[in-house]
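Colleague: I would like to go through the labels used for this model and hear what each one rests on.

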Amino acid sequence: MGGVLSATDADVLIAGAGPAGSATAVHLAQAGWRVVLVDRAEFPRDKPCSEYMSPEAVRLLDRLGVVPDLEAAGAVALEGTTVIGARGSRLTGLFREAEPQPFRPAGLSLPRRILDARLVRAAREAGADVRERTRLEALLHDGGAVAGAMVRGPDGRHYPIRARLTIGADGLGSLVARRLGRRHSSVPRRVAFVAHVRGVAGMGSTAEMHVGDAGYVGLNRIGADLYNVALVVPQASAAAARGAVTRFFFSMLEGFPGVRGRVDPSRLEREVLVTGPFASRAGRVTAGGALLVGDAADFFDPFTGQGIYSALRGAEMAALTACGALERSGIASAEALAPYRQLRRRAFAGKWAVERLIGYGMHLPSLFDRAVGRLGRHPDMAHTLIGVTGDFVPASRVLNPRFLTRMML
Ligand SMILES: Cc1cc2nc3c(=O)[nH]c(=O)nc-3n(C[C@H](O)[C@H](O)[C@H](O)COP(=O)(O)OP(=O)(O)OC[C@H]3O[C@@H](n4cnc5c(N)ncnc54)[C@H](O)[C@@H]3O)c2cc1C
C-alpha cells in the first residue's frame, strides 16, 4: 500500500486537475495511495465548455460527494436538450422520459470555475498533495517505463517528481499523450468560441443546440440569469476570427435563425474563450508506468456534450486498474495496466459509435434535418437518443436497424 517505496516521491503523479485528474486523485487517495496532483493553472479557473451534465454525470459527482455544494453554489437543473436543424426541424429529448429512468429527472449546469474548483478541493480533502501553478514539462523514464515527470513550480524552479504511475489527465492538448506517442487527429476538425452572457431571451429548461450549415451554437442556462453560449465552426471558418474574436463570435451567432437577436453583445459577462481545433484520440492509453484519462485519452466533437461524464467515468476505471497495478512492487507495468483499455472499450465503444454517427450526420445538413424532424415527430425516440447521449440508456437502443430506419424513413 502507499508509502512503502522510499525511492519515489509518490505512488501516483497525476498531471491535470480538471474533472479527470481530480476525480482520479480522489479515488486513489481514498484507497490509501500517495498521490501528487499538479496543474499549471490556479483554481478557480475558467475552461471553455458548454457546462452541461446529464443525470448520469451527476451520479458520478454524487459518488464524489460534491453535489450538495454544487447545488448550493447555484447549479441549475437541466431537463434535456432541444435540437434545431438548419432547415427548422426540431426535437426535444427529456432525460426523465427516457427508459431506463435516469439517476435523477434532471442533469445539472454550472460554470466550470465552480465545478472544477470543488473537485480540486475534494482531491485535497481525500489526502492528495495538490500543487497548483505547477506544470508538467517532461516525462522521466526508468528502463523504458515512465517513472514520473519534471515539473516547473510557481517560482519557476524545475524539479523531478518520481512516481510508480504517472497519469496524463492534462486535457485536449495533453503533453503526456504526445510523449506516449501515436496521438491521432480525426475529422471533423472544429474550433469553439464560448462566452457567458446575461439575459438570453426565450430559454426554457432544456439546453438548445442550433445546427447550421456552418457549424452549430449551444445555449445553456448555467445560473439564475447567466447563459453559456458556445459557437463551434470548422477550423477554416475560424481563421476569420483572428484579432477580432468577440466581433466574429456575435456576428456568426446572427447567422443562426433560432439564435438571431437573442444574445445581446452588451450583456457579455465573460470574455469569449477559444479552444481547438479538436477531435483527437490517443493511439494508446496505457504504457509502462503511465496511463491517460479524460480528454487526454480521447476527445470527440462536443455536440453530444458529456466529456465531463467520460472524464469522471474514466477516472473510476483508471483508479480501479491503478489500484491493482500498484499492489505489485515497483513501477506499474504495461501488462498490469492493460485491463484499463478493455474497461474503456466496454464502457465507451457504443457511445463512441453514436458520437461519430452524429458528427458525420452534421456534415450532411439535409439528412441531419430530416432525422431531427423524424425524431421530433416521435418524442419517444428523441427521449431515447437523449438518454443514449446522456450515457444512461444503452447505445444499442439507437444503434439497431429498427431505430435507424424509423429515424430516416
Ligand atoms: C466547446 C466545448 C464544449 C463542451 N461542452 C461540454 C458539455 O457541455 N458537457 C460536458 O460534459 N463536456 C463538454 N465538453 C468537454 C469537456 O470540457 C471535457 O471533456 C472535460 O473538460 C475533460 O476533462 P479533463 O479533466 O480530461 O480535461 P480538462 O478539463 O481540460 O483539464 C485538464 C487540466 O490539465 C491542466 N494541464 C494541461 N496541461 C498541463 C501540464 N502540462 N501540466 C499541468 N497541468 C496541465 C489544465 O490546466 C487543466 O486544468 C466541451 C468541450 C468543448 C471544447
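Colleague: What do the buried residues of α12 pack against?

Modeller: In this predicted model, they pack against β5 (80-84), β6 (90-94), α10 (339-361), α11 (365-377) and α13 (401-408). Packing here rests on contact, that is, heavy atoms within 4.5 Å.

Colleague: Why is helix α12 called largely enclosed?

Modeller: Buried means under 20% relative accessible area. Nine of the eleven residues of α12 (residues 379-389) are buried, so the helix is largely enclosed by the rest of the structure. Among the buried ones are Met381, His383, Leu385 and Val388.

Colleague: What makes β3 and β4 edge strands?

Modeller: The open sheet has the order β3-β7-β4, with antiparallel pairing. Each of β3 (52-53) and β4 (76-78) pairs on one side only.

Colleague: How do you know that β4 pairs with β7?

Modeller: Two strands pair if there are at least two bridges between them. Three bridges join β4 to β7 (residues 107-109), so the criterion is met. Leu78 stands opposite Gly107 in β7.

Colleague: What makes the approach of Lys47 to the ligand a polar contact?

Modeller: The cut-off for a pair of N or O atoms is 3.5 Å. A polar side-chain atom of Lys47 lies 3.4 Å from a ligand oxygen atom, so the pair qualifies. Backbone N or O atoms also qualify: one of Pro19 lies 3.2 Å from an oxygen atom of the ligand, and one of Arg40 lies 3.1 Å from a nitrogen atom.

Colleague: How much of the ligand does the protein bury?

Modeller: Taken alone, the ligand exposes 1000 Å², and the protein buries 95% of that.

Technical notes:
Residues are numbered from 1 along each chain as its sequence is written. This is a predicted model: local features need pLDDT of at least 70, side-chain atom pairs count only at pLDDT 80 or more; totals for chains, interfaces and linings use all residues. Side-chain values use heavy atoms; hydrogens and water are left out. Buried means under 20% relative accessible area, exposed over 50%, partly exposed in between (1.4 Å probe, protein chains only). Helices (H or I, at least four residues) and strands (E, at least two) are DSSP runs, numbered from the N terminus. A polar contact is a pair of N or O atoms within 3.5 Å; within protein, one must be able to donate a hydrogen and the other to accept it, and residues adjacent in sequence count only if both atoms are side-chain atoms. Accessible areas come from the Shrake-Rupley method with a 1.4 Å probe; for residues, only the protein chains shown count as cover.
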